[in-house]
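This report examines how the parts of one protein chain fit together. Please study the sequence and the structure shown below before reading on.

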Amino acid sequence: MPIRWVMIGLVFFATLINFIDRLTITVLAPVITESLKLSNVQYASISTWFLVAYSASQALSGRLYDKIGNRRGFTFSVTVWSIAAMLHATARGLGSLSAFRFLLGIGEAGNWPGAAKVVGEWFPARERAFAMSIFNSGAALGSVIAPPVIIALQIRFGWEATFLVTGGLGLVWLAAWLKFYYPPAEHPRMTQAELDLLEEDRVASGDTGIKLSYGALLGYRKTWAIVIARFFADPAWWLYITWLPLYLSRVHGFDLKQIGLFAWVPYVAADAGSLLGGYASGFLMSRGWSLNRARKTVIVISALMMGCGYFAARSTTSASALAWIAVVLFGFQAWINNVQVLPSDFFAASNTGTVAGMGGLAAGLGAIVFTMTTGWVVDHFSYTPILIAASILPLIGTAVLLLLGGRFEPCKLTET
């Protein structure tokens, strides 16, 4: 097996652990909000502290990874988020819980620009979307695993021990990362044929290796296309990541065990969307389609699937609501796998982490606005207008991506 697939496998497991740590509080939200007597707005504020740190850290982490490399970058990020996750076990009120969520956001954010940088450095263009889908499927699979595992741990050991167990997983992963990960040119198992493949792709794409500043990168329309698209589309994913257990509890009357039994179902569809969405554009390129046509085709179809959130809003049964939510999450994961690879399609590997981080920052800001809006709307009205809004926003984001992005191809430095 080429060593690049082992590298993306490591990032897959990091992403899976990332989401298990992130979702521990989400899965236990019905218990925590009841225990601490939190309103929807107060619960939203806890999530917002995470998102504030997560958003800022996306941009900073992307730049950090471009400066110090993936090996040290992931070491920093995983160490911070694992310690933060374990500290949740000591939380005794809204203030401490919010502080630990903030620290968790700082660490967890680095996973995404770091993963995009790994893909950009280790894979040729035709394989990038599928490689991206492998690591992103860790988010969906983590969302599948988290509800039953977290609830089982909580029932047996209590919520404090649950945070200690899930937080400790990252430190186990870190030992494997430090043992096996090195940059392509330095890896002891890297073959000359695989290295030549990456070098040929770099030359063909016009990658000069020049590092651009934030200001220079913002001079590209393609940068703004990624940033604005993610600001509008990513809140659809964050809606369900943050609110699905509470939605099932308060709209459909699920108890904690029922949440453990059924809340994971839409994320199976998300996992399938991650893998199939990434595979689809690569498959089309292997059949002679241009990168431009292949990426855009999958992105548009995926955005239309996210629009099916309207039917979830109108569902009267839990089964139909979960089914439509599954369609939305399938679409989002197929969409994000092709959008997250665009920084490496458009820019040199030396700038991929920075552009990916800027996109992540925009996604986080959009999620902050939408999360706080959700808390207020649900407290005063219902989930229905929120689910409808979440079906429209990805269509707006996709339209902006196509209009500003122009032809999907590497940027020329003369454009800045």
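Which two side chains meet in a salt bridge with an N to O distance of 3.2 Å? They are the side chains of glutamate 121 and lysine 117. The model is a predicted one, and every value in this report is computed from it.

**Salt bridges**

Side chains of opposite charge can pair when their charged atoms come close. In this model the count of salt bridges comes to eight. Three of them are set out in the table.

| Salt bridge | N to O distance |
|---|---|
| Glutamate 127 and arginine 4 | 2.9 Å |
| Lysine 117 and aspartate 66 | 2.9 Å |
| Glutamate 121 and lysine 117 | 3.2 Å |

The pair of lysine 117 and aspartate 66, bridged at 2.9 Å, links distant parts of the chain: lysine 117 lies in helix H5 (residues 111-122) and aspartate 66 in helix H3, 51 residues apart. Lysine 117 counts as buried because its relative accessibility is 4%, under the cut-off of 20%. Aspartate 66 is likewise buried, at 7% relative accessibility.

The pair of glutamate 121 and lysine 117 lies within one helix. These residues are four places apart in helix H5, so about one helical turn separates them. An α-helix has 3.6 residues a turn, so residues three or four places apart point the same way. Glutamate 121 is partly exposed, with a relative accessible area of 25%. Asp66, Lys117 and Glu121 together are linked in a network of salt bridges.

The salt bridge between glutamate 127 and arginine 4 has its closest N and O atoms 2.9 Å apart. This pair also connects distant parts of the chain, with glutamate 127 in helix H6, arginine 4 in helix H1, and their positions 123 residues apart. Glutamate 127 is buried, having a relative accessible area of 15%, and arginine 4 is buried as well, at 8%.

**Two helices and their surroundings**

Helix H2 covers residues 29-36, and its buried residues are Ala29, Pro30, Ile32 and Thr33. These buried residues pack against helices H1, H3, H4, H10 and H11. After H2 comes lysine 37, whose phi is positive, near 55°.

Helix H13 (residues 291-306) has 16 residues. From its first C-alpha to its last, H13 reaches 23 Å, close to the 22 Å expected at 1.5 Å a residue. The buried residues of H13 include Leu291, Ala294, Val298, Ile299 and Met306. Charged residue types appear as well, since Arg295 and Lys296 are also among the buried residues of H13. What covers the buried residues of H13 includes helices H6, H12, H14, H15, H16 and H18.

**The nonpolar core**

The largest nonpolar core has 126 residues, and those touching the most other members are Trp173, Trp237, Tyr267, Trp335 and Leu387. Helix H10 gives the most to this core, with 16 residues. Leaving aside residues up to four places away in sequence, tryptophan 173 touches Leu10, Phe13, Ala14, Ile17, Phe74 and Val78.

**Two buried residues**

Is proline 266 buried or exposed? Proline 266, which is found in helix H12, counts as buried because its relative accessibility is 0%. Not counting residues up to four places away in sequence, proline 266 touches Leu244, Leu322, Ile325, Ala326 and Leu329. The C-alpha atoms of proline 266 and alanine 321 are separated by 9.9 Å, although these residues are 55 residues apart along the chain.

Threonine 374 belongs to helix H17 (residues 349-380). Threonine 374 is buried too, with a relative accessible area of 0%. With residues up to four places away in sequence not counted, threonine 374 touches Leu239, Trp243 and Ile386.

**Cavities**

Rolling a probe the size of a water molecule over the atoms shows where empty space is left. How many cavities of 30 Å³ or more does the structure hold? There are five, and the largest cavity has a volume of about 150 Å³. Its lining is made of 17 residues, of which Tyr54, Arg230, Asp234, Trp237 and Gln340 are the closest to its centre. Helices H1, H3, H6, H10, H15 and H17 each supply at least two residues of the lining of the largest cavity. The largest share of that lining, four residues, comes from H10. Helix H10 is thus a recurring element of this account: H10 also gives the most residues to the largest nonpolar core.

Conventions: Residues numbered from 1 in each chain as written. Predicted model: local features only at pLDDT ≥ 70, side-chain atom pairs only at ≥ 80, totals over all residues. Heavy atoms only, no water. Buried < 20%, exposed > 50% of the residue type's maximum accessible area, 1.4 Å probe, protein only. Contact = heavy atoms within 4.5 Å. Expected span 1.5 Å × (residues − 1). Salt bridge = Lys/Arg side-chain N within 4 Å of Asp/Glu carboxyl O. Core = buried A, V, L, I, M, F, W, Y, C linked by side-chain atoms within 4.5 Å. 1 Å grid on protein atoms, 1.4 Å probe; cavity = no way out; pocket = protein on both sides within 12 Å on 5 of 7 lines; lining within 4 Å. Points joined across faces, edges and corners; volume = space filled by probe spheres on them.
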